[in-house]
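Student: Could you walk me through some of the contacts in this protein? I would like to see how each answer is reached.

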Amino acid sequence: MKELGRSGSREGNIIMGAAIIDDVLGVLVLSALVVAESGGSIGEPLIKLVLFSLLAFGIGRWVMPLIAEHHTRIESPDTRVALTLAMALGFAWLAYEVGGLAEVTGSFLAGVMLSRTDLGHHIVEPVSRLGYTLFIPIFFVYIGSSVNLADLTAAPLISAAIVLVALITKLAGCGIPARLCGESLATSVRVGAGMVGRGEIALVVASVGLAEGVVDATGFSIAIVVTIVTTIAAPLLLKAAYQWFPDARTVPSPNPALAAEFAAGGQ
């Protein structure tokens, strides 16, 4: 959306909000499955989630603002980044030890809470630089080394079918509700196309699921392929949606002089 210059458009705002909710639900479902796989019931992770959420809310409501309020006293940007990473890792530890949830749940919540503070706005660039130069490449190397191509070639039809279902369910599952909620046909198609992609959260969920035994190697490999294909397809579908359903302002208006001459000739 940023490359197309549409991040602030109606469909851009809808896609951004829906994507955040989608990521949160994915993390919560993963946490529930991890606890259930360990022998607990589905109700147990929900209770732990409520307890952890209350604790996280208290920290995010009263503790984090106090820390973020005095961040201007820290002259070194590196120290601010270290402080941010410490809070994210601390939340990850609380999520696992206190809530019995996946560590990514805590770090995700820490990022959401930090984004609402002034400190969060100051550390976006250095944290992004650190992530893209160190952590993210390591993560993708780990993901790539865990994919078993033999599992995909052993069942190519199943893999292709799951990819097709992933594309259709996002297009229809997001586009149709947008249309039913009163959005225009163009906006609905763009929302469906923009929601096709599965981002980094999908890779994190798949890797945690594999490590915790929630999914096997075959399911993990298929999930990675689905993520890659949908991530590539999303921008292509978005560009096609803007070409097939252009904005009303992009439609050329008739020349007034020609229109007047045509009207005169018709008389």
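Tutor: Happy to help; this is a predicted model, and we will go through a helix pair and then some salt bridges.

Student: At what angle do helix 8 and helix 11 pack, and what word describes that arrangement?

Tutor: Helix 8 covers residues 156-180 and helix 11 covers residues 217-244. Their axes are 10 Å apart and the packing angle is about 45°. Angles under 35 degrees would count as roughly parallel, and 65 to 115 as roughly perpendicular. The angle here fits neither range, so the two helices are oblique to each other.

Student: Is the crossing of helix 8 and helix 11 left-handed or right-handed?

Tutor: Look at the way helix 8 passes helix 11. That crossing is right-handed.

Student: What kinds of residues make up the contact of helix 8 with helix 11?

Tutor: From helix 8 come residues including Ile-158, Ile-162 and Leu-171, and they meet a set in helix 11 that includes Val-225, Ala-233 and Leu-237. Ser-159 in helix 8 and Thr-230 in helix 11 also take part. Sorted by type, the contact has no charged residues, two polar and 12 nonpolar.

Student: How many salt bridges does the structure hold?

Tutor: Here a side-chain nitrogen of Lys or Arg must lie within 4 Å of a carboxyl oxygen of Asp or Glu. By that rule, the number of salt bridges is four.

Student: Which residue pairs with Glu-183 in a salt bridge, and is that partner buried or exposed?

Tutor: The side chain of Glu-183 meets that of Arg-10, at 2.5 Å from N to O. Glu-183 sits in the loop between helix 8 and helix 9, while Arg-10 is in helix 1, 173 residues apart. Glu-183 has 13% relative accessibility and so counts as buried. Exposed means over 50%, and with 53% the partner, Arg-10, is exposed.

Student: How many residues apart are Lys-170 and Asp-22?

Tutor: Their side chains form a salt bridge of 2.9 Å, N to O. Lys-170, in helix 8, is buried because its relative accessibility is 11%. Asp-22, in helix 1, is partly exposed at 35%. The pair links distant parts of the chain, and the separation is 148 residues.

Student: Which helix holds both Glu-125 and Arg-129?

Tutor: The closest N and O atoms of this salt bridge are 3.7 Å apart. Glu-125 is exposed at 58%, whereas Arg-129 is partly exposed at 49%. The two are four residues apart, about one turn of the helix, and that helix is helix 6.

Conventions. Residues are numbered from 1 along each chain as its sequence is written. This is a predicted model: local features need pLDDT of at least 70, side-chain atom pairs count only at pLDDT 80 or more; totals for chains, interfaces and linings use all residues. Side-chain values use heavy atoms; hydrogens and water are left out. Axes are lines fitted to C-alpha atoms, for helices over the stretch in contact, and angles run from 0 to 180 degrees between N-to-C directions. Angles under 35 degrees count as roughly parallel, over 145 as roughly antiparallel, 65 to 115 as roughly perpendicular and the rest as oblique. A crossing is left-handed if the near helix is turned anticlockwise from the far one by less than a right angle, and right-handed if clockwise. Contact means heavy atoms within 4.5 Å. Ala, Val, Leu, Ile, Met, Phe, Trp, Tyr, Cys and Pro count as nonpolar, Asp, Glu, Lys and Arg as charged, and the others, Gly among them, as polar. Buried means under 20% relative accessible area, exposed over 50%, partly exposed in between (1.4 Å probe, protein chains only).
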